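Biologist: I should be grateful for a close look at a single part of this structure, set out for a first-year student. Please begin with the surface and then proceed to the strands and the charged pairs.

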Amino acid sequence: MSRTAVWYWAARAALGWLVILAAQVVWLVADGDGTALPVTAHVAGLAVTAVVAVAHVTVMPQWRYRVHRWEATSAAVFTQSGWFKQEWRIAPVSRIQTVDSERGPLEQIFRLANVTVTTASAAGPIKVSGLDRDTAQRLVAELTATAQATAGDAT
Amino acid sequence: MIDVVETTLAWRRLSPRMLVIHPFQEVVRAAPALLGLLVAGSSSGGQGHLWSVAGVALMVVLGMLRWFTTTYRITPEHVQVRRGLLNRKVVTVPRDRVRTVDVTSHVLHRVLGLARVEVGTGMSERRHEGRLKLDALTAAEAARLRVELLHRSPAAAMASSTVSSTVLSSTVSPVAPPAGSTPAAETELARMRPQWVRFGPFTMSGLVTVGVVAGFVSRLVSEGNVDLGRVGPVQETWRWFSAMSLPLEIATVVLVLVVFVSVASTLGYVLAFGNFRLTRHTEGTLHVTRGLLTTRATTIEERRLRGVEVGEPLLLRAVRGARLSAVTTGLRSAQGAQRGGSLLLPPAPRADAVAVARLVLPRVADAPSVSASEASPVTASLTAHGPAALRRRFTRAYGVHALVLAALLALWWWAGLPSWTWVTAAALLPLTALLAADRYRSLGHALASGYLVTRWGSLARRRVALECDGVIGWNIERSFFQRRAGLATLTATTAAGKQGYQVRDVDLAEALRLAAAGTPGLLDPFLVEAAAPLSPNSM
């Protein structure tokens, strides 16, 4: 995991919370004279959201960074991800069907990339997120090369 | 061989008899509206009725156009279907990707000697492209197509001889074994027995009928402007009903519902599973035929079979019944065991389900020396998940119950909900305990003769035996609370059936042991070094 991923996760979470806060502010302004809810309730709601948001944005990325791990050997791909709910996923290289690398707008700002490895099962795509670009490219090349070497339709 | 290629390369049309079926189907589908028209007459006036008639006519014309625009052909490598009027589309499926062939004939199809063919490929299930449906061919043509698609080696030899004969033999009933395959080549594994009908009332499929009837009545009322309150018999019944006391009213409603659902379920059971037969062909396919009015024939390639699922809904379990479905690539069991084509045995005595499972599972069937019941993945005793899992069942069940209770209390306090709602909810607390205990009792897993076995659920208990070779990878999921209890949910991912089967709330060490034993070697490089960061008390 690249250390920058912490900032990326924080930014992504912050953006999500900003949308919620903005919606609350819009409601407060539109409500104006406080017909539906008294203004104090609005402000209390905003305060609660802000506190939860700050806690989430500060704690979650660090926690995630401590949890997230990945490893690719010549035989299998392994990831450990999540924070509150954690998940380990493992799939043998011989069963890999596609290897995708993706860079969303936010990931581009932080110069990160993620790699998704899919198998024939819809339940088991393995996503390695928060890699720096070089590592992601290297991983894709490595996996593609080893996956090509195995025959069969991988089901 | 050249002759075969020549004949199969030509684009073929669906049966022209579909031109009769399409108008009929559309009229049946629009029946409530049309019936409403008849009942209401033209007294209410307005343009609405004219529009619905025009709509039906348009559907009929479109349906008939579909026959003119749809053609198909089978080349030595591909199955191709060309369809669409404005948006022409050619769907091509490589023949070696064909996993299952499903032949269905509704009543009308059968009267005219037709059958609908659906070709299942692993691909089409995930992305919605490449779905192959031929509605409809003559029954003989459909049967020949099935043989041709699934039994590859004899198909080429057979094709030349059957192409000419299909026209003559089109009177063959769809229930009969497929034309072209010799009867000697199949062995019967199971057949419907009349005693099985006793499981009919316990399938609850009649609930669907209740819904359909209710829907039909409501459409009739809304489109035909029929006022139910003014119909004589309805009025009579209502007067009689409202004269009773409340407990008697409730008892009557429950009794009527129970009787109606039982009768409808039994009827549904007989219609859906009458004439049920499960056979194995020497070419390596399993063949399921069933249905009295609507016949359905499904063919599953045995080398795509990854396991079986034994379903025991609570009611069925109470009478020692079970149903069996296949876990196979190319067929999804998600849309219900009855609708999906993966059914291997309708609700039947549990012993029969177990016996059929043993016959069907390739690894078990191939090893006759294995001592009978112990080794079968369907009967092998399961490892329980321990006290932590039991506690978790109770906390979860009571957590949900407490939430519901709190919500009802709050609504009663602030929104004036009648008090009997939360009183009933509180009275159901002991039932929740029973449910939690039974859910725990169902939990279990095992590794038996090369199969991963997992069982879960109470209201709908399922036991899945999944071939370890069919396991692609593993997911181990641990929520915060599971980590505190030292538990994990292990998911075996696979290309078959539901794509992933879970072993719920199992001890972490046991989960890792199971995964390591199921796919030898896969986890080894990770287990050793993973020990430090993955220990149960890590964050």
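Modeller: A suitable starting point is B:V107, which is found in helix α5 of chain B. The model is a predicted one, and the description below should be read with that in mind. B:V107 has a relative accessible area of 40%, so the residue is classed as partly exposed, because that class runs from the limit for buried, under 20%, to the limit for exposed, over 50%.

B:V107 belongs to a nonpolar patch on the surface, together with B:V111, B:L255, B:V259, B:V263, B:L267, B:L271, B:L292 and B:L293. The accessible area of these residues together is about 800 Å². Two elements of chain B, α5 (107-111) and α11 (246-273), each give two or more residues to the patch. The greatest contribution comes from α11(B), with 5 residues.

From the surface we turn to a covered strand. Strand β16 of chain B spans residues 451-456, and 6 of its 6 residues are buried. In a regular strand, side chains alternate between the two faces of the sheet. In β16(B), B:Y451, B:V453 and B:R455 lie on one side, while B:L452, B:T454 and B:W456 lie on the other, and all are buried. Both faces of this strand are therefore covered, as the burial of residues on each side shows.

The strand has a partner on each of two counts. Strand β15 of chain B (residues 444-448) pairs with β16(B) in the antiparallel sense over 5 bridges. Strand β17 of chain B (residues 460-467) also pairs with β16(B) in the antiparallel sense, over 6 bridges. One residue illustrates both pairings: B:T454 stands opposite B:H445, and its bridge partner in β17(B) is B:V464.

The connections are hairpins. Between β15(B) and β16(B) there are 2 residues, and B:S449 in that turn has a positive phi of about 35°. Between β16(B) and β17(B) there are 3 residues, and here B:G457 in the turn has a positive phi of about 90°.

The charged pairs come next. Over all chains, a search of the whole structure finds 23 salt bridges. One of them in chain B joins B:E141 and B:R144, at 3.5 Å from N to O. Both residues lie in helix α7 (residues 139-150) of chain B, 3 residues apart, which is about one turn of the helix. Both B:E141 and B:R144 are buried.

A further salt bridge links B:E302 with B:R280, with the closest N and O atoms 2.9 Å apart. B:E302 lies in the loop between β11 (295-301) and β12 (305-313) of chain B, whereas B:R280 is in strand β9 (residues 277-281) of chain B, so the pair ties together parts that are 22 residues apart in sequence. B:E302 counts as buried because its relative accessibility is 17%. Salt bridges that share partners also join B:R12, B:E141, B:R144 and B:E148 into one network.

Chain A offers a charged pair as well: A:R89 forms a salt bridge with A:E87, the closest N and O atoms being 3.4 Å apart. A:R89 counts as buried at 17% relative accessibility, and A:E87 is buried at 16%.

Technical notes
Residues numbered from 1 in each chain as written. Chains lettered and ligands numbered in written order. Predicted model: local features only at pLDDT ≥ 70, side-chain atom pairs only at ≥ 80, totals over all residues. Heavy atoms only, no water. Buried < 20%, exposed > 50% of the residue type's maximum accessible area, 1.4 Å probe, protein only. Helix = DSSP H or I, 4+ residues; strand = E, 2+ residues; numbered from the N terminus. Pairing = 2+ DSSP bridges. Salt bridge = Lys/Arg side-chain N within 4 Å of Asp/Glu carboxyl O. Patch = residues over 30% accessible without salt bridge, like charges linked within 9 Å, V, L, I, M, F, W, Y side chains within 5 Å. Areas by Shrake-Rupley, 256 points an atom, 1.4 Å probe, with all protein chains shown as cover.
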